[in-house]
Structure formats: C-alpha cells, structure tokens
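User: I am new to this structure. Please explain the labels used for it and the reasoning behind them.

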Amino acid sequence: MGQSAPERFYTALSAGTPDRLPVLPKIWFDLASVLTGTEPRRMIEDPQTAMRVTAEASLAVGSDGARLFFSPARRTRQEGD
C-alpha cells in the first residue's frame, strides 16, 4: 500500500519523492452536487452543506484533500416560488 495523503504531501513539500503526485482539485458546487447526488439549491442556500458535500465529493474521486471555500448563504427561487 502507498503513502497516506498527509505523508504524500509532507514528502512532496520536503523535496522528497512521494509514491504519486498529490492531488488536490478544486471541486465546484455543480460537480460536487452531481458526484454526491445533492440538490445544488441546498448547497447554495447552506454554506455548511456546501462544504460537507464538497469534502464528500473529494473523497468520492480519491483526491488527497479538498479545497473548501466559504460562500455566504443565498436565497434561491424556483419557478412557482
């Protein structure tokens, strides 16, 4: 088995040779919603949901970490609201 994500980053940042290149993609809300089956509206309206779902999406794709950005809660409307 290879290195853990923290070991991989530490090795790379210490000028060592990790078992593979550490991967830390920015997963935007739209992709995170598709990867986790979460309604985008929930992520837009609730920042905690957005960060949790983004972290779950990061785990789903096997990345070594998640880049989380805070966004303010916003109200949304759908047709008929």
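User: Why is aspartate 64 called buried?

Analyst: This is a predicted model, so the answer rests on computed values. Aspartate 64 has a relative accessible area of 11%. Buried means under 20%. The value falls under that cut-off, therefore aspartate 64 is buried. Its place is in the segment after helix 4.

User: What makes the pairing of the side chains of aspartate 64 and arginine 8 a polar contact?

Analyst: The distance is 2.4 Å. A polar contact needs a suitable pair of N or O atoms within 3.5 Å. The pair meets that limit, so the label applies. The side chain of aspartate 64 also makes a polar contact with the side chain of arginine 20, at 3.1 Å. That value is within 3.5 Å too.

User: Which residues does aspartate 64 touch, not counting those up to four places away in sequence?

Analyst: Aspartate 64 touches Ala5, Arg8, Phe9, Arg20, Leu21, Pro22 and Val23.

User: Phe9 is on that list. Why is phenylalanine 9 called partly exposed?

Analyst: Its relative accessible area is 25%. Partly exposed lies between the buried limit of 20% and the exposed limit of 50%. The value sits in between, so phenylalanine 9 is partly exposed. This residue is found in helix 1, residues 5-13. Beyond its neighbours within four places in sequence, phenylalanine 9 is in contact with Pro22, Val23, Leu24 and Asp64. Phenylalanine 9 and arginine 20 are eleven residues apart in sequence, with 9.9 Å between their C-alpha atoms.

User: What makes helix 2 roughly perpendicular to helix 4?

Analyst: Helix 2 (residues 29-36) and helix 4 (residues 47-61) pack at an angle of about 65 degrees. Angles of 65 to 115 degrees count as roughly perpendicular. That makes the pair roughly perpendicular. The helix axes are 9 Å apart. The crossing of helix 2 and helix 4 is left-handed.

User: Which residues meet where helix 2 and helix 4 pack?

Analyst: Helix 2 brings Phe29, Ala32, Ser33, Leu35 and Thr36. Helix 4 brings Ala50, Val53, Thr54, Glu56, Ala57 and Val61. Seven of these contact residues are nonpolar, three are polar and one is charged.

User: How do you know whether threonine 54 is buried or exposed?

Analyst: Compare its relative accessible area, 3%, with the cut-off. Buried means under 20%. The value is under that, so threonine 54 is buried. Threonine 54 lies in helix 4. Leaving out neighbours within four places in sequence, its contacts are Ile27, Phe29, Ala32, Met43, Arg67 and Leu68.

User: Why is leucine 68 called partly exposed?

Analyst: Leucine 68 has a relative accessible area of 42%. The label covers values between 20% and 50%. The value fits, so leucine 68 is partly exposed. Leucine 68 lies in the segment after helix 4. Not counting residues up to four places away in sequence, leucine 68 touches Met51, Thr54 and Ala55. Leucine 68 and alanine 55 are 13 residues apart in sequence and 7.6 Å apart in space, C-alpha to C-alpha.

User: What is phi of alanine 15 near?

Analyst: Phi of alanine 15 is near 65 degrees. That is a positive value in a residue other than glycine. Most residues other than glycine have a negative phi.

User: Why is alanine 15 called exposed?

Analyst: Its relative accessible area is 72%. Exposed means over 50%. The value is over that, so alanine 15 is exposed. Alanine 15 is found in the loop between helix 1 and helix 2.

Key: Residues are numbered from 1 along each chain as its sequence is written. This is a predicted model: local features need pLDDT of at least 70, side-chain atom pairs count only at pLDDT 80 or more; totals for chains, interfaces and linings use all residues. Side-chain values use heavy atoms; hydrogens and water are left out. Helices (H or I, at least four residues) and strands (E, at least two) are DSSP runs, numbered from the N terminus. Buried means under 20% relative accessible area, exposed over 50%, partly exposed in between (1.4 Å probe, protein chains only). Contact means heavy atoms within 4.5 Å. Axes are lines fitted to C-alpha atoms, for helices over the stretch in contact, and angles run from 0 to 180 degrees between N-to-C directions. Angles under 35 degrees count as roughly parallel, over 145 as roughly antiparallel, 65 to 115 as roughly perpendicular and the rest as oblique. A crossing is left-handed if the near helix is turned anticlockwise from the far one by less than a right angle, and right-handed if clockwise. Ala, Val, Leu, Ile, Met, Phe, Trp, Tyr, Cys and Pro count as nonpolar, Asp, Glu, Lys and Arg as charged, and the others, Gly among them, as polar. A polar contact is a pair of N or O atoms within 3.5 Å; within protein, one must be able to donate a hydrogen and the other to accept it, and residues adjacent in sequence count only if both atoms are side-chain atoms.
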